[in-house]
Amino acid sequence: MSEETSIEQTGGVSNVSNVSNVSNVSTPIPDPTLGRDPVRIPFKFHGDGGEFFRIWIVNIVLSILTLGIYSAWAKVRTKRYFYGNTELDGDRFDYLGDPVAILVGRILAIVLLVFYQALLGFAPSFFSGLIGLLFLAALPWVIYRALRFNAQMSSWRGIRFGFDGGWVGAAKAYLLWPLFGLVTLGFGMPYAWFKQNQYLLSNYRFGASTSTSTTEPNDFYLVALAVFGFASFGGLVLFGFTSSLGFNGMASDGEFNFDALFALGGLFAGALYFVFYVMIFAVYEARYFSTVYNNIEISGNYVGTSVSIVGLGRIVVGNAVLMLVTLGLYYPWARVRMTQYLQDNLWIDAVDLDSFVAKSSDGNDPLGEEIGEAFDIGIGL
Amino acid sequence: MTVLTGTYYDGESSRGHAATLQVSRLQAVLAYADQSIQIDPNSLEVEAALGRMPRKITWQSNDFFAADATIELDQLIGSIGRSSMMDWVAGLEKRGGVIIAATLGTLLFILGFGIYGVPKIAEAAAYILPQGFSAQLATSTLEKLDFGLDESALSDERQAQLQAYFLSRGAVDELYFRHAQGVGANAFTLSQTTVVFTDGLVQLTDDDDELLAVYFHELGHARLLHVERSILQSVAWAAVLTMITGDVGGVGELVLALPLTLGQAAYSRKHEREADEFAIGELKSLGISPLKLAAMLDRIEASHSFSHEDDLSISLDLKSTESTESTSTGPQVEDPANEDSQGADVSNAGEGLAENPNDPKDEESNFSRSLLELLSSHPITSERKAYIRAAAKDN
């Protein structure tokens with residue numbers, strides 16, 4: 001999840017909650033941040049594609065050589081690289097996940113997955129339905145634990161993030177509302193996005209301070225409208241264009257030119273469709289990102305972003321083409337470029353980032369996250 | 001005495017303080033603002049390097065010091081003399097030779113795995129799949145195909161006669177006839193349970209043995225579980241790449257699907273060959289000449305050369321469904337576009353991917369031919385015919 005992860009990462013980053021109202025019991029001085037003008041503090045990313053390539057390729061080789069065991073260490077190393085190179089107000093973020101714990105979680109997840117598949121394969125259909133339902137019921141718990149683990153393993157200035165949403169909230173946000181979206185033939189889906197975003201952002205906290213989101217359902221309907229509009233209008237134009245192109249190829253008279261023209265025309269059309277598909281993704285990603293990150297409010301501190309469709313599209317299309325050409329070897333640069341772009345366009349209008357206080361942390365639980373990962377649940381903002 | 005610069009975090013409030021850490025054999029002193037902290041130098045632990053990031057120094061306490069990556073830091077680590085596994089990994093990352101070897105090794109591994117490992121795994125898995133999976137697969141694919149297909153215009157007697165003739169010589173669970181505007185002469189295997197013939201194909205010849213030859217080719221796909229194997233191959237490929245790269249999603253997934261697509265085309269060509277072999281074997285055992293299959297390929301080719309325009313619009317259609325369908329994550333198990341190409345048919349020769357046998361020496365044609373071959377799910381038709389003719393002579 002190259003892009004997703006980087007967003008998820010900055011997601012962790014920007015759930016900075018507020019602090020201005022944390023009243024200090026021992027000193028009854030009025031809140032010093034009241035009425036203070038916010039200062040715009042940008043995120044800075046220090047990662048480098050070449051540097052990350054080295055880390056990435058060594059991770060891959062060690063993962064292959066150890067039959068996957070090393071992948072837990074690889075994951076921590078990658079996350080630490082991106083967190084540790086993200087700077088806000090002079091200080092960097094940190095990822096504190098323990099590889100051994102992640103490995104245990106990963107093994108458990110695989111055992112469960114095999115168990116689940118085996119049951120599905122051998123159980124009579126009645127039981128497989130039942131198992132499916134049980135599995136569906138367990139999903140929200142897994143999602144919630146994964147969110148919590150990831151938040152707790154993220155820190156800034158030595159203070160950890162946290163996530164307080166329960167599994168009931170996850171069940172509503174990730175099962176009930178999407179179901180509502182399906183039942184309404186997709187018309188309710190943006191509302192489901194809205195609910196998911198509410199679930200995430202009213203439960204993330206930095207230290208003892210909880211974040212809030214000021215989004216409204218309409219904001220997400222606008223995201224859907226942008227994606228739908230681009231996909232249908234662009235698709236129509238593209239289809240018309242490639243069709244005419246194809247017929248031109250047909251009209252060529254030379255017998256042997258026919259194949260070459262046809263092949264090249266087909267390739268060209270394929271390339272256009274590829275770019276088009278990638279751009280749909282970029283439109284969605286840019287609009288969704290802006291919607292979420294321009295609305296994070298932390299009693300005084302506001303997150304803001306200038307991520308745009310054109311800006312993000314340029315990065316995403318460039319990355320996709322270069323990854324194709326290099327057979328995927330461009331991936332580390334692509335991921336760094338993407339993160340760089342997002343962070344260059346992300347800031348906090350801060351009234352006070354200095355007086356956050358830590359909250360005594362709950363126990364670590366990589367199990368939830370790893371189970372979530374093995375079942376390929378997209379988690380993140 | 002080593003002096004390190006960096007930032008000190010007290011672990012309680014969020015602000016970092018510019019600080020220095022002086023380390024000697026006997027003591028370590030951390031100084032920031034107007035304060036200083038005494039630390040037992042033996043308890044110091046320096047985390048392994050990660051790029052050029054500041055490195056955290058801890059001493060079994062909630063507070064820590066993030067040291068700028070400097071030469072002094074490297075010296076300190078040398079003098080402490082403790083080295084973790086991660087220090088070793090960081091060492092690997094710094095060596096150019098290791099990086100080059102790792103890159104080449106990874107490419108070779110993925111190539112080798114793609115060529116040998118994935119088909120083997122998929123084959124083994126296909127044979128332990130429950131029968132219900134194949135039936136379900138065929139049903140859902142046919143439902144989707146039926147959006148573009150009409151009911152057969154063949155008479156009921158003709159359908160029943162062909163059904164009886166084909167199935168008595170090699171059974172599948174379901175054999176359907178469909179009228180397909182634009183697809184022309186074609187036959188599909190949807191899974192081990194189901195084969196579909198188009199009216200256009202049936203009307204192409206009066207010789208039922210020629211149709212039987214095509215049926216045997218499809219039966220070969222069905223018996224050898226080619227559709228099931230193709231699907232499992234994409235699953236296996238996706239699983240392995242996900243394990244290797246850690247997390248892939250969005251556009252990354254799309255890009256990783258490209259070698260898969262090319263790989264699928266190669267697997268698929270192999271499957272065509274196997275299905276031809278199967279058909280030849282069956283025909284011979286019935287005393288029918290394998291040349292019937294070659295003759296049918298000729299007819300199909302001829303029929304398609306008149307209708308290239310139709311075929312173009314179809315292949316574009318398929319492409320567009322493919323690109324929207326693959327937006328969801330993970331391998332597509334029930335993608336009609338995929339199934340259609342994997343689902344393997346005798347007659348894709350007309351899909352515009354046909355070779356031009358008349359001028360093999362032309363360079364441009366050679367280029368486009370190898371390009372086509374790379375992308376094509378079928379071996380070149382002339383080669384197939386040559387192969388079938390050679391097999392026919394073997395009698």
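Here are some notes on two sheets and a few helices in chains A and B of this predicted model.

1. Starting with chain B as a whole: the count is 14 helices and 11 strands. Of its 395 residues, 43% are buried. If you look at contacts with a separation of 6 or more, 65% of them in chain B come from residues 24 or more positions apart.

2. Chain B has an open sheet of 4 strands, ordered 8-9-11-10, and the pairing is mixed. Strand 8 (150-151) and strand 10 (187-191) of chain B each have a single partner strand, so they stand at the edges with one side left without a neighbour in the sheet. Helix 7 of chain B, residues 208-223, packs on this sheet and touches strand 10 and strand 11 of chain B. The direction of helix 7 makes about 20 degrees with that of strand 10 of chain B.

3. For the parallel part of that sheet, look at strand 9 (residues 174-179) and strand 11 (residues 194-198) of chain B, which are joined by 5 bridges. A handy place to zoom in is F177(B), which stands opposite F197(B) in strand 11 of chain B.

4. Over in chain A there's an open sheet of 11 strands, with antiparallel pairing and the order 7-6-5-4-3-2-1-11-10-9-8. Its edge strands are strand 7 (209-210) and strand 8 (212-213) of chain A, each pairing on one side only.

5. Within the chain A sheet, strand 3 (residues 91-95) and strand 4 (residues 154-156) of chain A are antiparallel partners over 3 bridges. There, D94(A) stands opposite S155(A) in strand 4 of chain A.

6. Helix 11 of chain A (residues 331-344) lies across strand 1 (39-45), strand 2 (86-88) and strand 11 (346-350) of chain A. Helix 11 runs at about 175 degrees to strand 1 of chain A.

7. Helix 10 of chain A (residues 309-325) passes a quick length check: at 1.5 Å a residue its 17 residues should span 24 Å, and the end C-alpha atoms are 24 Å apart, which agrees.

8. Which residues are buried in helix 10 of chain A? They are L312(A), I315(A), V316(A), N319(A), A320(A) and M323(A). These residues cover an arc of only 125 degrees around the axis, so they sit on the same side of helix 10 of chain A. On the face turned away from that buried side, helix 10 of chain A carries the exposed residues V310(A) and V325(A).

9. One backbone detail to look at: L327(A), just after helix 10 of chain A, takes a positive phi of about 55 degrees.

Terms used: Residues numbered from 1 in each chain as written. Chains lettered and ligands numbered in written order. Predicted model: local features only at pLDDT ≥ 70, side-chain atom pairs only at ≥ 80, totals over all residues. Pairing = 2+ DSSP bridges. Helix = DSSP H or I, 4+ residues; strand = E, 2+ residues; numbered from the N terminus. Contact = placed C-beta atoms within 7 Å. Axes fitted to C-alpha atoms, helices over the stretch in contact; angles between N-to-C directions. Buried ≥ 20, exposed ≤ 12 C-beta atoms within 10 Å, placed from the backbone. Expected span 1.5 Å × (residues − 1). Arc of directions from axis to C-beta.
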